Amino acid sequence: MKIIIKFTIATEEGLAALLTLTHAIAIEKFSKHLELSFVEKYIHENFSDSNLVEELNSMSNQWLIAYVDNIPAGFVQITSKGVRPSSLDRKRAIRIANFGILKKYFNLGVEEALLEKSLSVCRPYEAVWIHEYIQNPFIGLFESKGFVKQSEINQLDELPLNAVYLIA
């Protein structure tokens, strides 16, 4: 099994891979916790073709895709966008957002490879934050890489799920 992490841009290939991954991973992540119609609305509002092209072309974002034997297996968005924890107000900080791996690739080293590459991209910043729902299966991984879960519980962006900030 060969794991490769690549930056992606708004090419036909990159967009197709991200569309497939964003839709499948959002359903896997949230359908246990939310009604499917709500998850589909979230996907439409955040991961439509036009929205992804705009986000891929934004100077505020970098997108990475994890491939296993040349098959897209996961992705992450590294961004300056999002509500940052108040403790980072005066720091040069970046966000790891939308970190996701297809379930069939869990525990094969894909999540570690994707997070390691993400952290290397974030190295020039004073701090890195993640905002994730409390039941996210990767919180333990994030903590094992030096992220500290903050005590404040809030809502995950526009989703009605309890979330926490993790800061490294």
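This is a short dialogue on reading the fold and strand pairing of a predicted model.

Visitor: What kind of model is this, and how are residues numbered?

Guide: This is a predicted model, where local features need pLDDT of at least 70, side-chain atom pairs count only at pLDDT 80 or more, and totals for chains, interfaces and linings use all residues. Residues are numbered from 1 along each chain as its sequence is written, and side-chain values use heavy atoms, leaving out hydrogens and water.

Visitor: How many helices and strands are in the protein chain?

Guide: Helices (H or I, at least four residues) and strands (E, at least two) are DSSP runs, numbered from the N terminus. Here there are five helices and seven strands. Along the sequence the pattern is β-α-α-α-β-β-β-α-β-α-β-β.

Visitor: Which strands pair with strand 2?

Guide: Two strands pair if DSSP finds at least two bridges between them. Strand 1 (residues 3-8) pairs with strand 2 in the antiparallel sense over six bridges. F7 stands opposite L64 in strand 2. Strand 3 (residues 71-79) also pairs with strand 2 in the antiparallel sense, over eight bridges. There, I65 stands opposite F75.

Visitor: What lies between strand 2 and strand 3?

Guide: The two strands form a hairpin with two residues between them. D69 in the turn has a positive phi of about 50 degrees.

Visitor: Is strand 2 mostly covered or uncovered?

Guide: Buried means under 20% relative accessible area (1.4 Å probe, protein chains only). In strand 2 (residues 61-68), seven of the eight residues are buried, so defined. Across the 168 residues of the protein chain, 48% count as buried.

Key:
Buried means under 20% relative accessible area, exposed over 50%, partly exposed in between (1.4 Å probe, protein chains only).
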